[in-house]
Amino acid sequence: VLLVDISSIKSNVLHLLDESGFDYLSIHPMFGPSSDIGLANIIVVVESGRKEEKIILDEFRKAGAIITYLPRDLHDAKMAEIQGLPHFILLALADFLAEKLNENLKYATPIFHILYKLIARMLNQDWRMYYLIQKNAESLREKFVQHIIEFHERIKDEKEFRNLFNRLKLKDSDPFILEAYKATIDVDSLHLLRGYIRVLDYLILKLIEKRVDAGRKIAIH
């Protein structure tokens with residue numbers, strides 16, 4: 001028998017699997033029930049060496065998933081950074097603006113609209129999973145809150161703010177995602193529907209361009 005563990009937090013699960021006496025594969029699929037597996041990240045945490053594991057991981061690869069590896073002693077600390085803190089930010093924003101979230105959509109910037117969609121997606125899933133993710137991130141979250149208080153004071157200064165932008169600048173500035181959010185907006189008036197179709201046409205053309213580029217890379221391979 002091969003057990004397959006797909007839990008998001010490993011510290012409270014892996015010791016039980018160790019004690020069970022069964023061979024097990026522990027992975028962390030980094031996508032939700034409404035996501036496509038294509039380009040999804042599957043983190044492998046523990047392998048037992050059985051041939052069935054290779055079959056399972058190969059099927060993920062064939063479906064277009066990215067397989068990465070993270071040691072069991074580092075997994076939960078890394079998840080506190082890339083899951084715990086982002087979820088905490090979204091929950092805090094939702095709680096702070098609880099009575100204004102829907103109202104603010106009337107005036108929303110693309111970034112606010114995307115944050116709203118992320119909040120809605122998270123709050124429509126099982127709260128227990130997110131509670132465990134937040135418990136895992138408690139100590140890091142306390143450091144982050146202290147950092148936020150200090151950060152709040154630092155960015156009052158124009159020079160400090162400019163230096164911050166220059167120091168943290170990232171290469172990935174693709175505006176595609178800021179346009180893609182518009183495809184999630186519900187519209188019903190005639191003029192807005194025309195605008196909606198224009199947005200979809202733009203996104204389709206951009207996606208076709210990306211697909212052609214991917215096809216060229218396949219040809220090279």
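Me: Which residues does Phe31 touch, not counting residues up to four places away in sequence?
Reply: This is a predicted model, in which local features need pLDDT of at least 70, side-chain atom pairs count only at pLDDT 80 or more, and totals for chains, interfaces and linings use all residues. Residues are numbered from 1 along each chain as its sequence is written, and side-chain values use heavy atoms, with hydrogens and water left out. Contact means heavy atoms within 4.5 Å. With residues up to four places away in sequence set aside, Phe31 touches Ile37, Ala40, Ile42 and Arg121.

Me: Is Phe31 buried, partly exposed or exposed?
Reply: Phe31 is found in the loop between S2 and strand S3 (41–46), where strands are DSSP runs of E, at least two residues, and helices are runs of H or I, at least four, numbered from the N terminus. Buried means under 20% relative accessible area, exposed over 50%, and partly exposed in between (1.4 Å probe, protein chains only). Because its relative accessible area is 29%, Phe31 is partly exposed.

Me: How far apart in space are Phe31 and Asn41, C-alpha to C-alpha?
Reply: In sequence, Phe31 and Asn41 are 10 residues apart. Their C-alpha to C-alpha distance in space is 7.3 Å.

Me: Why does His28 count as buried?
Reply: His28 is found in strand S2 (residues 23–29). Leaving aside neighbours within four places in sequence, His28 is in contact with Ser7, Ser8, Lys10, Asn41, Ile42, Ile43, His75, Met79 and Gln83. His28 counts as buried because its relative accessible area is 2%.

Me: Which element gives the largest share of the largest nonpolar core?
Reply: A nonpolar core is a set of buried Ala, Val, Leu, Ile, Met, Phe, Trp, Tyr and Cys residues joined through side-chain atoms within 4.5 Å. The largest one has 11 residues in all, including Ile9, Leu90, Phe112 and Tyr130. Helix H3 (72–96), helix H5 (110–123) and helix H6 (127–136) each supply at least two residues of this core. The largest share, 4 residues, comes from H5.

Me: What is the angle between the planes of Phe161 and Phe165?
Reply: Rings of Phe, Tyr and Trp (its six-membered ring) pair if their centres lie within 6.5 Å; planes under 30 degrees apart count as stacked, over 60 as edge-to-face and the rest as tilted. By this rule there are 3 aromatic pairs. One of them joins Phe161 and Phe165, which both lie in helix H8 (residues 158–168), 4 residues apart. This pair is stacked, with 5.3 Å centre to centre and a plane angle of 25 degrees.

Me: Which residue lies over the face of Phe176?
Reply: A charge sits over a ring if NZ of Lys or CZ of Arg is within 6 Å of the ring centre and within 35 degrees of the ring normal. For Phe176, at 5.4 Å from the ring centre, the residue is Lys210.

Me: What is the radius of gyration of the protein chain?
Reply: The protein chain has 10 helices and 4 strands. The radius of gyration is taken over C-alpha atoms, and the globule rule is 2.2 Å times the number of residues to the power 0.38. That rule gives 17 Å for 221 residues, and the chain is well over this, so it is more spread out than a compact globule, with a radius of gyration of 21 Å.
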